[in-house]
Amino acid sequence: MGGVKDKNCELVAKRWALALMELAQEDDNISKEDILDDLREIAQTIDSSEELSNVINNPSVSTEEKQVVLCKLFQNSIMPIVYNFLFVLNLRKRVGIVSDIAIEFEKELNRIKNIAHINVVSAIELNDERKEDIKTKIAEKLNKDIVVEWGVDEDIIAGLIFKIDELVIDNSIKHKLEDLSKEIIKG
């Protein structure tokens, strides 16, 4: 899937994602996870074909022609709510940001479900017991269910780096040495 290109695109994608979430919440029988899967399928299909991507993102291809292509590809493979949403995106010339909408929809779904995605980077591979201990403490601190992506970066020497959304908490020895070095230079 393509990533969010800039803040303006992110805001537009967020508005569309929130509108779709609002529609989905009107019907308790609609699975928000299935909607997310459909959005990802659309984005992956478009992103995986250069020819399709060129058609969708080409302003000289008419909305009607794009609709015919989208209909053939998705009408019978995605939920009606997502198909109708895709139809409106096409009318508004926004199909090109469907992968960004999927990202924003997932963020909103996680917010509703009180789930936080966190990256934890350590200098060495942590054993399962240590990972579970860290995960439990973070979940208690944030008062959320969390999904942790673990990473290793030997350059941090020791300690941990936590990335929670846009927030980075760097508790590594490397970071502390850099701070100490700055203080010495100032001093």
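A residue is called buried when its relative accessible area is under 20%, exposed when that value is over 50%, and partly exposed in between. Leu-177 has a relative accessibility of 46%, and therefore counts as partly exposed. The structure to which Leu-177 belongs is a predicted model, and the paragraphs below lead through its surface, its aromatic pair, its salt bridges and some points of its backbone.

Leu-177 is found in helix α8, which covers residues 173-186. Together with Ile-157, Ile-173, Leu-180 and Ile-184, Leu-177 makes a nonpolar surface patch of about 480 Å². Another member of this patch, Ile-157, is placed in the loop between β2 (145-152) and β3 (160-164). Ile-157 counts as exposed, because its relative accessibility is 52% and the exposed class begins over 50%. The backbone of Ile-157 also deserves attention: its phi is positive, at about 70°, although the residue is not a glycine.

Helix α8 also contains Asp-179. With a relative accessible area of 34%, Asp-179 is partly exposed. Where does Asp-179 stand with respect to Ile-56? The two are 123 residues apart in sequence, and their C-alpha atoms are 48 Å apart in space.

A second surface patch has a charged character. Glu-22, Glu-26, Asp-27 and Asp-28 gather on the surface in a patch of negative charge. Asp-27, one of these four residues, lies in the loop between α1 (7-25) and α2 (32-48). The relative accessible area of Asp-27 is 32%, so this residue is partly exposed.

From the surface the description turns to the aromatic rings. How many aromatic pairs are there? The count comes to one. This pair is formed by Trp-16 and Phe-85, with 5.8 Å from centre to centre and 75° between the planes, and it is edge-to-face. The angle gives this name to the pair because planes over 60 degrees apart count as edge-to-face. The pair links distant parts of the chain, since Trp-16 is in helix α1 and Phe-85 is in helix α5 (residues 80-91), 69 residues apart. Are these two residues buried or exposed? Trp-16 is buried, with a relative accessible area of 18%, and Phe-85 also counts as buried, at 7% relative accessibility.

The charged side chains form a further set of contacts, as the structure holds ten salt bridges. One of them lies in helix α2, where Arg-40 and Asp-37 are three residues apart, about one turn of the helix. Their side chains meet in a salt bridge of 3.9 Å, N to O; this counts because the limit is a distance within 4 Å. Both partners are partly exposed: Arg-40 has a relative accessible area of 30%, and Asp-37 has one of 43%.

Another salt bridge is found in helix α7, which comprises residues 128-142. Here Lys-137 pairs with Asp-133, and the closest N and O atoms are 3.5 Å apart. Lys-137 and Asp-133 are separated by about one helical turn, because they stand four residues apart in this helix. Lys-137 is partly exposed, with a relative accessible area of 49%, and Asp-133 is partly exposed as well, at 31%. Elsewhere in the model, salt bridges that share partners join Glu-10, Glu-104 and Lys-107 into one network.

Within that network, the side chains of Glu-104 and Lys-107 meet in a salt bridge of 3.3 Å, N to O. Both residues lie in helix α6 (residues 98-112), three residues apart, about one turn of the helix. Their accessibility is as follows: Glu-104 is buried, with a relative accessible area of 5%, whereas Lys-107 counts as partly exposed, at 41%.

The last point concerns the loop between α6 and β1 (115-122), where Asn-114 has its place. Which sign does phi take at Asn-114? Phi of Asn-114 is positive, near 60°, in a residue other than glycine. At 31% relative accessibility, Asn-114 counts as partly exposed.

Notes
Residues are numbered from 1 along each chain as its sequence is written. This is a predicted model: local features need pLDDT of at least 70, side-chain atom pairs count only at pLDDT 80 or more; totals for chains, interfaces and linings use all residues. Side-chain values use heavy atoms; hydrogens and water are left out. Patches are made of residues with over 30% relative accessible area and no salt bridge: like charges are joined within 9 Å, nonpolar side chains (Val, Leu, Ile, Met, Phe, Trp, Tyr) within 5 Å. Accessible areas come from the Shrake-Rupley method with a 1.4 Å probe; for residues, only the protein chains shown count as cover. Lys and Arg count as positive and Asp and Glu as negative; His and the chain ends are not counted. The place of a charge is taken as NZ of Lys, CZ of Arg, CG of Asp or CD of Glu. Helices (H or I, at least four residues) and strands (E, at least two) are DSSP runs, numbered from the N terminus. Buried means under 20% relative accessible area, exposed over 50%, partly exposed in between (1.4 Å probe, protein chains only). Rings of Phe, Tyr and Trp (its six-membered ring) pair if their centres lie within 6.5 Å; planes under 30 degrees apart count as stacked, over 60 as edge-to-face and the rest as tilted.
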